[in-house]
Amino acid sequence: MLSCKELVAHSSDFLDGQLSLRERLSVRAHLAMCRHCRRFIRQMKVTQGVLRALPETAIPELEALAERLAQQRRKP
Ligand SMILES: [Zn+2]
């Protein structure tokens, strides 16, 4: 079973489809149990989706949000 920290560490690879099947299953199993991480992944998805949809446009609020998420991920 992944810890929340491990899930966060894997989250961008998970969203990019870069995880192996086994890793993906561990992430999904964790998400099924942990609503905090579900919310985190949902936020990441929204952020990534919006950033991809608007690659040329700088939106300060979004950049601040992306930066905040990146900082959360770097926390030990
Ligand atoms: Zn969790």
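## Starting at L15

Let's begin with L15, which sits in helix α1. This is a predicted model, and in it L15 and K45 come within 7.0 Å of each other, C-alpha to C-alpha, despite being 30 residues apart in sequence. Once the neighbours within four places in sequence are set aside, the contacts of L15 are I41, M44, K45 and Q48.

## Next door: F14

F14 belongs to helix α1 too, which covers residues 4–15. Is F14 buried or exposed? It counts as buried, because its relative accessibility is 11% and the cut-off for buried is under 20%. Ignoring residues up to four places away in sequence, F14 touches L19, R24, V27, R28, L31 and I41. I41 is thus a contact of F14 and also turns up in the list for L15.

One of those partners can be given a backbone distance as well: the C-alpha atoms of F14 and R24 are 6.7 Å apart, with the two positions 10 residues apart in sequence numbering.

## Where α2 meets α3

Now for a helix pair. Helix α2 spans residues 21–33 and helix α3 residues 35–53; they pack at an angle of about 115°, and their axes are 6 Å apart. The crossing of α2 and α3 is left-handed. On the α2 side the contact is made by H30, L31, A32 and M33, and on the α3 side by R35, C37, R38 and I41. What is the chemical make-up of this contact? Its residues divide into 5 nonpolar, 1 polar and 2 charged.

Two residues here link back to α1: L31 and I41 both take part in the contact of α2 with α3, and both are touched by F14.

## H30 and A29, side by side

H30 lies in helix α2. With a relative accessible area of 4%, H30 is buried, because that value is under the 20% cut-off. Its contacts, leaving aside neighbours within four places in sequence, are M1, L2, S3, C4, L7 and C37. C37 is also one of the α3 residues in the helix contact described above.

A29 is in helix α2 as well. Why does A29 count as partly exposed? Its relative accessible area is 36%, and partly exposed means the range between 20% and 50%. A29 and M1 are 28 residues apart in sequence, yet their C-alpha atoms are 7.7 Å apart in space. M1 also appears among the contacts of H30.

## The chain as a whole

Stepping back, the protein chain has 4 helices and 0 strands, and reading along the sequence gives the pattern α-α-α-α. Of its 76 residues, 26% count as buried; H30 is one of the buried residues, and F14 is another. For contacts with a separation of 6 or more, residues 24 or more positions apart account for 61%. As for surface, the protein chain exposes about 5700 Å², and carbon and sulfur atoms supply 54% of that.

## How confident is the predictor?

The average pLDDT for the protein chain is 87, and 89% of the residues score at least 70. Which elements mark the two ends of the confidence range? Helix α2 has the highest mean pLDDT, at 96, while helix α4 (residues 60–74) has the lowest, at 83. H30 and its neighbour A29 belong to α2, the element with that highest mean value.

Definitions and conventions: Residues are numbered from 1 along each chain as its sequence is written. This is a predicted model: local features need pLDDT of at least 70, side-chain atom pairs count only at pLDDT 80 or more; totals for chains, interfaces and linings use all residues. Side-chain values use heavy atoms; hydrogens and water are left out. Axes are lines fitted to C-alpha atoms, for helices over the stretch in contact, and angles run from 0 to 180 degrees between N-to-C directions. A crossing is left-handed if the near helix is turned anticlockwise from the far one by less than a right angle, and right-handed if clockwise. Contact means heavy atoms within 4.5 Å. Ala, Val, Leu, Ile, Met, Phe, Trp, Tyr, Cys and Pro count as nonpolar, Asp, Glu, Lys and Arg as charged, and the others, Gly among them, as polar. Buried means under 20% relative accessible area, exposed over 50%, partly exposed in between (1.4 Å probe, protein chains only). Accessible areas come from the Shrake-Rupley method with a 1.4 Å probe; for residues, only the protein chains shown count as cover. pLDDT is the predictor's confidence in each residue, from 0 to 100.
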